[in-house]
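Got your viewer open and ready? Load the model below, switch on residue labels, and let's take a walk through it.

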Amino acid sequence: EGSEKCQNCPENCSSCQRTNGICTKCNNGYILNNNNCEKCPIGTKTKYTQYGKNYITSCEECQSMTYQDQIGQTSCKSCPDRQYQTETNQTKCNYCSNLCVSKICEKETGKCITCEYGYGLDYRKTSCTICPKGTYSNEETEGYCFGCGLGNISTIEGAIECSPCNEGYGANAEGTACEECQPGYATSGKGTGCTQCLESTY
């Protein structure tokens, strides 16, 4: 016996079989699970895959650099400026290190683009560390700690420049103190370092 009128498809279902009402496609933001339409959880988005005239819906994890803090969404949100995310299926992004210049870092890795003066990128470029004694960093070093070099020293951590040794003195191996030149060595000026005298001089 026929129905007096057609019935609506189940809740949140955009398309169903005309004979029995079994859902075949859900509204945006929902997935089909045991003939029921359910919202994708946080950290994911709804994915649609077409097979012929039908669509298969599934939940896809948000990738790195993105997140989703609401259920039933069709896209993931990009990390805002000064934030990053290295993991998938996340509900928020992490803040860049305070030691990154202007707190700016790579959104996929969290690596600082460059560091504040007096700090340098570590070997993995994942964070900025204070420059040790005997080194410095400033605009010229492009985010790295550089040694002071011959005839120059830094006696504090986090130095932004080095100080020259006086004439007749050179820097020790660590670049942390000035030492008098050994016999047979001399300087050619302030901050030049000790160099060996020529054969005809001493």
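Here is a tour in a few stops, each starting with something to select.

Before you click anything, keep in mind that this is a predicted model.

**Stop 1: the disulfides**

Colour the cysteine sulfurs so that they stand out. A disulfide is a covalent bond between the sulfur atoms of two cysteines. How many disulfides does the count come to? The count comes to 13 disulfides, and we'll visit a few of them.

Select C13 and C23. They form a disulfide, with their sulfur atoms 2.2 Å apart. Look along the S-S bond: with 105° about that bond, the link of C13 and C23 is right-handed. C13 sits in strand 1 (residues 13-16) and C23 in strand 2 (residues 23-26), so this pair ties together parts that are 10 residues apart in sequence. Now show the surface. C13 is buried, at a relative accessible area of 10%, and C23 is buried too, at 4%.

Next, select C115 and C128. Their sulfur atoms are 2.0 Å apart, and they form a disulfide. Which hand does the link of C115 and C128 have, left or right? With -90° about the S-S bond, it is left-handed. C115 is in the loop between strand 10 (94-95) and strand 11 (119-121), while C128 is in strand 12 (residues 128-130), so the pair ties together parts that are 13 residues apart in sequence. Both C115 and C128 are buried.

Move on to C181 and C194, another disulfide, with sulfur atoms 1.9 Å apart. The torsion about the S-S bond of C181 and C194 is about -85°, so this disulfide is left-handed. Both ends are in loops: C181 between strand 18 (178-180) and strand 19 (185-186), and C194 between strand 19 and strand 20 (195-196). The pair therefore ties together parts that are 13 residues apart in sequence. Is each end buried or partly exposed? C181 is buried, with a relative accessible area of 14%, whereas C194 counts as partly exposed, at 26%.

**Stop 2: cysteines without a partner**

Click on C6. This cysteine is in no disulfide, and the nearest cysteine sulfur, that of C16, is 9.8 Å away. C6 counts as exposed, with 78% relative accessibility. Then try C197, which is in no disulfide either; the nearest cysteine sulfur belongs to C181, 8.6 Å away.

**Stop 3: the largest pocket**

Rolling a probe the size of a water molecule over the atoms shows where empty space is left. The largest pocket here has a volume of about 230 Å³. To find it, select C6, Q7, Q17, R18 and G21: of the 13 residues that line this pocket, these are the closest to its centre. You've met C6 already, as a cysteine in no disulfide. By class, the lining has four nonpolar, seven polar and two charged residues.

**Stop 4: inside and outside**

Select T46, in strand 5 (residues 44-51). T46 is buried because its relative accessible area is 4%, and buried means under 20%. What does T46 touch, leaving out residues up to four places away in sequence? Light up G29, Y30, I31, C40, S58, Q73 and T74 to see those contacts.

Now hop to G52, in the loop between strand 5 and strand 6 (54-61). At 60% relative accessibility, G52 counts as exposed.

For your last click, draw a distance line from the C-alpha of G52 to that of R82. These two are 30 residues apart in sequence and 43 Å apart in space.

How values were computed
Residues numbered from 1 in each chain as written. Predicted model: local features only at pLDDT ≥ 70, side-chain atom pairs only at ≥ 80, totals over all residues. Heavy atoms only, no water. Helix = DSSP H or I, 4+ residues; strand = E, 2+ residues; numbered from the N terminus. Buried < 20%, exposed > 50% of the residue type's maximum accessible area, 1.4 Å probe, protein only. Contact = heavy atoms within 4.5 Å. 1 Å grid on protein atoms, 1.4 Å probe; cavity = no way out; pocket = protein on both sides within 12 Å on 5 of 7 lines; lining within 4 Å. Points joined across faces, edges and corners; volume = space filled by probe spheres on them. Nonpolar A, V, L, I, M, F, W, Y, C, P; charged D, E, K, R; others polar. Disulfide = S-S within 2.5 Å.
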